[in-house]
Amino acid sequence: MKVTKAQAQANRAHIVQTASTLFRERGYDGVGVADLMAAAGFTHGGFYKHFGSKADLMAEAASCGLAGSADAKTGVDPADFIRHYLSRDHRDKPGEGCTMAALCADAARQPEPVKAAFAAGIEHQLATPAYPVDESAARPGSEARARRLAIMAQAIGAIVLSRSCPDDSPLADEILDACRADILARLPDARPA
């Protein structure tokens, strides 16, 4: 049976979405093409009809996940966003959470297209209101951009550090609590929880 162009595009989008989730859960090296295609409901052989290589899929899945993260925070109160981001709930669900927190360390060891996808995603995050709203945050060298980068790095780093601790470790929660309090103290007009 011949697959229509529209169905082929839908299949590709489904594979990318599935890959985005699995990569966040297991890392780039923790997911093979055969496992990924099986999770998406396709055969291993069909992979190369959609992608030239696993690295091509990694870059596209990263772009998909990063765009989804930016879209999810649009219109959300910055303090509410930080409270959720630096929570045990977010920490414990890497497959559903932030692509940067789940994969930045892996991306650093990947081919340039994957790194380029992350750089574009970071730029998109900087231009998307969720941290202190200031249009100059997208302008390199601005004070607002530096503040936003610092908050982003601290929040992502807190999730990474917390995930590196045993699940029942008091330190895992302490990291989230300390960074959440510090960031909220620096947000303008942050109201108490």
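Biologist: α1 and α4 are roughly perpendicular to each other, so at what angle do their axes cross?

Modeller: First, a word on the source: this is a predicted model, where local features need pLDDT of at least 70, side-chain atom pairs count only at pLDDT 80 or more, and totals for chains, interfaces and linings use all residues. Residues are numbered from 1 along each chain as its sequence is written, and side-chain values use heavy atoms, with hydrogens and water left out. Angles of 65 to 115 degrees count as roughly perpendicular, under 35 as roughly parallel, over 145 as roughly antiparallel and the rest as oblique. The axes of α1 and α4 (lines fitted to C-alpha atoms over the stretch in contact, with angles from 0 to 180 degrees between N-to-C directions) come within 8 Å and cross at roughly 85°.

Biologist: How many nonpolar residues are in the contact of α1 with α4?

Modeller: Contact means heavy atoms within 4.5 Å, and helices are DSSP runs of H or I with at least four residues, numbered from the N terminus. Among the residues that meet are Ile15, Val16 and Phe23 in α1 and Leu57, Met58 and Cys64 in α4. Ala, Val, Leu, Ile, Met, Phe, Trp, Tyr, Cys and Pro count as nonpolar, Asp, Glu, Lys and Arg as charged, and the others, Gly among them, as polar. By class, the contact of α1 with α4 has four charged, three polar and, for nonpolar residues, eight.

Biologist: Which residues of α10 make the contact with α5?

Modeller: Helix α5 (residues 78-85) packs with helix α10 (residues 170-186) at an angle of about 170°, their axes 10 Å apart. That makes α5 roughly antiparallel to α10. From α5 come Ala79, Ile82 and Arg83, and from α10 come Arg180, Ile183 and Leu184.

Biologist: Is histidine 90 buried or exposed?

Modeller: Histidine 90 lies in helix α6 (residues 88-91). Not counting residues up to four places away in sequence, histidine 90 touches His84, Tyr85, Gly97, Cys98, Ile159 and Arg163. A polar atom of the histidine 90 side chain lies 2.8 Å from the backbone oxygen of tyrosine 85. Buried means under 20% relative accessible area, exposed over 50% and partly exposed in between (1.4 Å probe, protein chains only), so with 6%, histidine 90 is buried.

Biologist: How many disulfides are there?

Modeller: A disulfide is a pair of cysteine sulfur atoms within 2.5 Å. For cysteine 98, the nearest cysteine sulfur is that of cysteine 104, 7.2 Å away. Cysteine 98 counts as buried at 8% relative accessibility, whereas cysteine 104 counts as partly exposed at 30%. By this rule, the count of disulfides is zero.

Biologist: Which residues of helix α7 are buried?

Modeller: Helix α7 covers residues 99-107. Its buried residues pack against α1 (5-26), α4 (54-73), α5, α8 (112-127) and α9 (143-164). The buried residues of α7 are Thr99, Met100, Ala101, Leu103 and Ala107.

Biologist: Which residues does glycine 95 touch, beyond those up to four places away in sequence?

Modeller: Glycine 95 is found in the loop between α6 and α7. Its relative accessible area is 7%, so glycine 95 is buried. Outside the residues up to four places away in sequence, glycine 95 touches Thr21, Arg24 and Glu25.

Biologist: And which residues is alanine 40 in contact with, leaving aside its neighbours within four places in sequence?

Modeller: Alanine 40 sits in helix α2 (residues 33-40). At 8% relative accessibility, alanine 40 counts as buried. With neighbours within four places in sequence left aside, the contacts of alanine 40 are His14, Ile15 and Thr18.

Technical notes. Helices (H or I, at least four residues) and strands (E, at least two) are DSSP runs, numbered from the N terminus. A polar contact is a pair of N or O atoms within 3.5 Å; within protein, one must be able to donate a hydrogen and the other to accept it, and residues adjacent in sequence count only if both atoms are side-chain atoms.
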